[in-house]
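Biologist: I'd like to walk through this model together, strand by strand. Could you keep the jargon light and explain terms as we go?

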Amino acid sequence: MPTSTPITHASGTQVLAQALETARQSGRSLGPPDLRGVTDLIEHIPEDMTATAGCGMPWNRLQSALASKGQWLPLNPSVSPATTLGDVLNQDLFGPSRLGYGKARDYVLGLKVMLANGQVISPGGRVVKNVAGFDLCKLFIGAAGSLGILLEATVKLLPIPEVEAYRARVCPLGTPLQALLSDLQLARISPCVLDAHSLPGVTGHARVVIGFSGSRTTVDWQTHHAEHMGFTEPADLSHDHEFWAAHPRSHVLVQSLPTSQLASKLAQLPSHPWICRLGNGLIYSPASDAQARPHQNSALERLTKQLYDPDNLLPPLPSRL
Amino acid sequence: MPSAHAKRAALVDDLKRIVGTSHVLSSESELRVYECDAYTLEKELPSIVVLPDSTHQVSQIIACCLQHEVPFIPRGAGTNLSGAVLAVPDAVVISLARMNRILEVDPTNRRALVEAGCVNVWVTNAVRRYGLLYAPDPSSQTACTIGGNVATNSGGPHTLKYGVTTNHVLGFEMVLPDASVVWLGSAPSDGDDTGGLDLRGAVIGSEGMFGVVTRVLVNLVEAPPSWRTLLGVFESVEQASQTVSDIIAAGIIPAALEMMDQLITRAVEAAYHFGFPLDAGALLIIELDGLEAGLEDGACVVERLCLQNGAREVRRARTDGERAELWKCRKRAFGAIGRLSPNFLTQDGVVPRSKLPEIMRFIHATSLKFGLRIPNVFHAGDGNIHPLILFDESDPKQVKNAVDAGNEILSECLRLGGSVSGEHGIGVEKASFMAQQFCPATIEAMLTLRRVFDPDRRCNPDKMFPTSKHCIDFAPRRQIPA
């Protein structure tokens with residue numbers, strides 16, 4: 001079983017390639033790569049709504065820099081100050097805005113990746129539409145670093161919305177929640193956030209958080225509509241921050257199901273804590289030891305890993321749900 | 001040692017046993033229909049065309065091809081514009097035309113399960129009554145298939161806001177080149193997230209080189225309740241391009257932002273009589289959609305920006321009918337070219353949006369350099385250009401000039417930081433450009449991915465990457481009128 005070799009000195013890509021070779025020769029895996037040399041916002045072109053940044057750049061600093069020109073990379077995972085762009089892409093992190101804005105794969109235009117053999121590749125490009133060659137970027141996003149070390153990413157951006165507004169209400173689980181979800185679908189409003197979360201000391205009920213973003217006119221109209229549906233409590237996304245602050249991702253069980261099955265599934269959960277992306281069919285709850293064990297990958301996934309990292313220098317494949 | 005003729009006859013017999021006699025095409029007159037796709041500059045008669053009706057038959061056909069040691073090529077409607085389904089010697093073309101059913105519609109979960117041969121627009125037609133639609137809308141959508149869309153990661157005019165095929169395909173069933181059947185991504189009973197590697201995403205856009213997609217689970221979106229469709233009439237492409245930049249800078253993301261220059265406008269007007277002004281330098285179609293609240297504000301900003309940039313007038317589609325008519329003119333623009341020229345070469349390149357004026361100037365200079373007219377109709381919001389290089393195939397010099405002009409435009413796209421394909425794919429047409437756009441290590445990494453699925457290169461070989469056939473100067477053997 002190869003043991004990890006943490007790299008503690010700052011390194012350019014040549015040194016990183018050398019570290020890979022050293023690891024290979026000593027029969028060990030690489031360990032967490034030092035990306036302190038790739039922490040800059042390399043390019044931000046507001047008129048193209050694209051930016052290129054080093055994957056070692058802290059996520060919050062990246063979003064601040066983009067915000068200075070009125071733009072953002074529309075993902076809002078709850079992260080620590082140490083979380084980097086590379087972490088977000090490697091782990092495919094997203095937050096409540098997944099409903100309205102999608103995931104990392106919808107925004108990454110190009111990557112610079114160091115493979116296990118030390119070669120640096122540049123799949124994708126810098127333009128928002130690109131079908132030249134195979135879409136290797138999709139392979140690396142969410143791959144937990146198992147196929148290559150992400151060095152740089154070029155991403156598509158959106159304008160920061162003029163206004164955001166959140167409202168909440170409490171709803172009994174089971175049929176009432178199902179009915180609320182059906183009513184929301186029929187209402188033809190377009191929330192960018194639709195989450196539910198458990199309440200401490202309360203069984204059989206959830207707090208549902210709805211969010212809207214866009215122009216003031218659009219947001220006001222939708223918020224007003226939501227208030228008529230019982231969403232009268234002013235809200236924010238603290239339910240999400242609090243959950244992830246208390247539960248490291250490695251110990252969270254993720255369940256993904258068709259959204260039509262959510263209401264009945266939530267009614268069966270232990271009472272607290274859990275959070276749920278109602279609009280995307282995702283339930284997050286603390287994992288038992290048995291649940292925390294990774295699920296087996298498919299034969300094609302294992303073959304992909306074998307071809308890109310035959311010496312197992314890089315982390316293992318991400319687990320299937 | 002059996003002759004090539006006998007070997008082919010044996011293969012035909014085996015295939016007939018799988019799909020039935022009437023679904024195996026082997027005579028020259030039958031095969032002629034399949035000698036090319038919409039990239040008509042090159043042709044190759046397939047050895048055999050077979051039309052299966054089920055995933056099981058597709059698997060049996062591939063096993064049969066393995067046994068007979070012949071390559072195979074999946075084919076949808078044959079609308080591809082880069083020769084991605086051009087036959088190769090001895091190839092069996094597997095047409096998905098009979099596998100065109102919509103299997104399930106799940107409006108609550110906003111999904112539909114369709115066979116790969118299902119025509120793109122049929123999906124939207126089937127779900128419209130639920131207030132839903134399938135967002136990727138290539139101009140060929142009344143003919144192209146979902147499987148074909150998966151192969152080329154198809155786009156269309158509304159990708160600016162809604163994304164491309166990869167953003168709307170949750171998962172699919174595929175028969176691998178070893179004849180086994182896998183499901184990549186989400187199956188109908190799964191949630192949207194499956195974890196593990198995104199092999200689904202890696203296969204989308206692989207131009208039919210990793211296997212034969214048989215069933216696709218697509219994501220549906222709510223049909224926008226309201227829209228504003230505007231037509232800006234400009235004196236020049238520069239003014240229209242600046243307007244595109246200004247709209248984006250204002251924080252507005254239109255559902256679509258399409259540009260047509262004077263040449264194409266004249267052809268389209270002669271064909272469809274929409275009322276386009278024939279002396280305008282450029283037209284901009286801008287569509288905003290979404291909730292009614294706020295839409296008028298956005299439309300007013302767009303109107304103001306058009307006028308600020310010198311628009312002669314800004315018209316609005318007043319009814320659903322007018323809007324549909326406007327889009328018909330845009331989506332059938334390629335079809336109107338026949339009025340201008342006996343032949344044309346459709347190009348597909350991308351530049352960063354901010355470089356649009358520069359590439360348009362370059363296209364104009366290229367047109368003068370080679371003495372060929374080059375109308376332009378394209379997705380201005382994405383920077384995805386479609387210069388249409390007009391030529392007459394009866395003049396070999398024009399043919400060579402057309403190809404050279406296209407190549408120079410693509411090289412300029414790369415120099416400006418773009419890509420040689422935004423939608424149509426590499427196919428055979430642009431295989432020689434892969435080494436210009438990507439470094440050798442990146443190409444090697446792509447070939448590694450291919451080895452995951454098709455180590456023996458049996459599935460749609462000789463595409464995308466330079467081979468001895470396509471890496472040198474191209475001299476087309478035959479052409480037909482577009």
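Biologist: In which sense do strand S12 and S14(A) pair, and over how many bridges?

Modeller: A quick note before that: this is a predicted model, where local features need pLDDT of at least 70, side-chain atom pairs count only at pLDDT 80 or more, and totals for chains, interfaces and linings use all residues. Residues are numbered from 1 along each chain as its sequence is written, while chains are lettered from A and ligands numbered from 1 in the order in which they are written. Strands (E, at least two residues) and helices (H or I, at least four) are DSSP runs numbered from the N terminus, and two strands pair if DSSP finds at least two bridges between them. Leu253(A) has Ser285(A) in S14(A) as its bridge partner, and S12 (residues 252–256) pairs with S14(A) in the antiparallel sense, over five bridges.

Biologist: Which residue takes a positive phi in the hairpin of S13(A) and S14(A)?

Modeller: S13 (residues 275–277) of chain A is joined to S14(A) by three bridges, and the two run antiparallel. Cys276(A) is partnered with Ile283(A) there. The hairpin has four residues between the strands, and the one with a positive phi, near 75°, is Gly281(A).

Biologist: How many residues of strand S14 of chain A are buried?

Modeller: Let's fix the word first: a residue is buried if 20 or more other C-beta atoms (placed from the backbone) lie within 10 Å of its own, exposed if 12 or fewer, and partly exposed in between. S14 spans residues 282–286 and is mostly covered, and the buried count out of its five residues is four.

Biologist: Over to S2(A): which residue in the turn of its hairpin with S1(A) has a positive phi?

Modeller: S1 (residues 41–45) of chain A and S2(A) run antiparallel, joined by four bridges. Within that pairing, His44(A) stands opposite Ala51(A). Four residues lie between the strands, and the turn residue with a positive phi of about 55° is Met49(A).

Biologist: And which residue of S6(A) is the bridge partner of Thr52(A)?

Modeller: S2(A) also runs antiparallel to strand S6 (residues 149–156) of chain A, with five bridges joining them. In that pairing, the partner of Thr52(A) is Thr154(A).

Biologist: Why do S1 and S5 of chain A each have one side without a neighbour in the sheet?

Modeller: The sheet is open, with five strands in the order S1-S2-S6-S4-S5 (chain A) and antiparallel pairing. One side of S1 and one side of S5 are left free because each stands at an edge with a single partner strand.

Biologist: What angle does helix H1 of chain A make with S4(A)?

Modeller: Angles here run from 0 to 180 degrees between N-to-C directions, using axes fitted to C-alpha atoms, for helices over the stretch in contact. Contact means that the C-beta atoms of two residues, placed from the backbone, lie within 7 Å. H1 (residues 13–25) packs on the sheet, touching S4, S5 and S6 of chain A, and its direction makes with that of S4(A) an angle of about 60°.

Biologist: Which element gives the most residues to the side of chain A that touches chain B?

Modeller: Between the chains, 61 residues of chain A are in contact with 66 residues of chain B. Elements giving two or more residues include helix H5 (136–140), helix H7 (216–228) and helix H11 (299–308) of chain A. With six residues, the one that gives the most is H11(A).
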